[in-house]
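Q: I have a chain in front of me and want to learn how to read its features. Where do we begin?

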Amino acid sequence: MFNPFKDLPKDSGKLHSSPIIHRYERNPILSDKDVPYAASFVFNAGVNLFRGKYVIAPRVDLFDEERHTPALAIGTGLGWSDDGIHWEMEPEQIRVHYKGKILPWVCDARLTVLEDELYLTFCFENQHSERPGIAKWRGAGVDFDAVCIGIPQQRNMVLYPEKINGMYMRLERPSNQWGDPFHIWYAKSPDMKYWGEQELLLGCEDVPWANKKIGAGAPPIKTDKGWLLIFHAVDDNPDRAVTVAGGRTWSKRYTCGAALFDKDDPTKLIAITKEPLIAAEAPYETGFEGIWVEDTIFPCGAIIDQNDPSTLRIYYGAGDYCTCLATAKLEELWSVMTPTKRKAQYANIPFRIEEWDGQ
Ligand code: BMA
């Protein structure tokens, strides 16, 4: 009988990017020197198209010279563009208002355009752990109002761009009190404030090369084949451990994959990439001395190219220090996705696997 823990790979060997992926030749498209405020790293950027302009919301980390942790500041920038490559950044970083206060350390944002409004989904790190949230743009400047805030131990919150069967839908990624692995969950809401009907959307066990965690990357895109989700997948092997900045030990790899869900029932997995779409290979992805991660691809935006609807753009954080772009032809993407269904239909498998009826 299928055991989600036993079946995870111990090591996925060398990982390569799919040949269908084309990195933009002048990557990175945004980094510390492109923003009008002090920044050490500008990465993990939500990107979308809103009222005819590209909009970007990158994570902005500021550290001292020696990169001591915690950071001096973490926040999220906001910028606009006509081509999705060259950005005009707002002079200040985003302010998310919540109960009369500004949320601290808002990061890893995604942008969703829904009912002709711009929404930011994000994580904010604080003394009470990491909490996710959804906020709505005020329509000018850098101010957003929180619509709902989730409980701790969650990040990678992503909002669907339309109501589905009358309900708003979001993805989230809670941590797991038993330890790894962590999975992607969905929730539904009639009003975007009260959320329920949570269930598993995609398990780590559904991603053949992942053994540690997965998380939603970009807001899902509705295509003629179904709902396309670009996600991140993490595999870990302590044997690969290296010492990085701050004396930290690093043995993970963050990669990007794609999953497809039924057009009418976006909770139903129908196809997945069995191998990574993007694995860290370029020097700006594998890392450099003085940074605390290696081999990190963290997608937060995916859009169909406005000038060429046959092309998908994937925006991703590279090496936790800059923002990059890669493209793929949609037809080629479908060709590297394998029809499949989820291994565990719901998250209800007992510890004693022999007690499970397999459903
Ligand atoms: C995740 C998040 C991301 C980061 C990634 C790799 O847990 O913190 O912001 O890019 O780790 O360090």
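A: Begin with the surface. This is a predicted model, and the accessible surface of the protein chain comes to about 15,700 Å². Carbon and sulfur atoms own 49% of that surface.

Q: How many helices and strands does the protein chain have?

A: Count the secondary-structure runs. The protein chain has two helices and 27 strands.

Q: Why is the protein chain described as compact as a globular protein of its length?

A: Compare the radius of gyration with the globule rule. The protein chain has a radius of gyration of 19 Å, and the rule gives 21 Å for 359 residues; the two are close, so the chain is as compact as a globular protein of that length. Along the principal axes, the C-alpha atoms fill a box of roughly 60 × 50 × 45 Å.

Q: What percentage of the residues count as buried?

A: Burial is a matter of relative accessible area, with buried meaning under 20%. In the protein chain, 57% of the 359 residues count as buried.

Q: And what do contacts say about sequence separation?

A: Take the contacts with a separation of 6 or more. Residues 24 or more positions apart account for 57% of them.

Q: How many positive and negative side chains are there?

A: Count each set, then compare their centres. The protein chain has 40 positive and 51 negative side chains. The centres of the two sets lie 3 Å apart.

Q: How many aromatic pairs are there?

A: Ring pairs are judged by centre distance, then by plane angle. The count comes to twelve aromatic pairs. One of them joins Phe-122 and Phe-124, 6.4 Å centre to centre with 45° between the planes, and is tilted. Both Phe-122 and Phe-124 are buried.

Q: Why is the pair of Trp-250 and Tyr-254 called stacked?

A: Planes under 30 degrees apart count as stacked. The planes of Trp-250 and Tyr-254 are at 15° and the ring centres are 6.2 Å apart, so this pair is stacked. Trp-250 is buried at 6% relative accessibility. Tyr-254 is buried too, at 11%.

Q: Which residues do ring pairs link into a cluster?

A: Ring pairs join Phe-41, Phe-63 and Trp-292 into a cluster.

Q: Is Ile-304 buried or partly exposed?

A: Check the value against the 20% limit for buried. Ile-304 has 22% relative accessibility, so it counts as partly exposed. Ile-304 lies in strand S24, residues 297-304.

Q: What does Ile-304 touch, leaving out residues up to four places away in sequence?

A: Its contacts are Leu-49, Ile-221, Pro-309, Thr-311, Leu-312 and Leu-330. Leu-49 is 255 residues from Ile-304 along the chain, yet their C-alpha atoms are separated by 9.5 Å.

Technical notes
Residues are numbered from 1 along each chain as its sequence is written. This is a predicted model: local features need pLDDT of at least 70, side-chain atom pairs count only at pLDDT 80 or more; totals for chains, interfaces and linings use all residues. Side-chain values use heavy atoms; hydrogens and water are left out. Helices (H or I, at least four residues) and strands (E, at least two) are DSSP runs, numbered from the N terminus. The radius of gyration is taken over C-alpha atoms; the globule rule is 2.2 Å times the number of residues to the power 0.38. Buried means under 20% relative accessible area, exposed over 50%, partly exposed in between (1.4 Å probe, protein chains only). Contact means heavy atoms within 4.5 Å. Accessible areas come from the Shrake-Rupley method with a 1.4 Å probe; for residues, only the protein chains shown count as cover. Lys and Arg count as positive and Asp and Glu as negative; His and the chain ends are not counted. The place of a charge is taken as NZ of Lys, CZ of Arg, CG of Asp or CD of Glu. Rings of Phe, Tyr and Trp (its six-membered ring) pair if their centres lie within 6.5 Å; planes under 30 degrees apart count as stacked, over 60 as edge-to-face and the rest as tilted.
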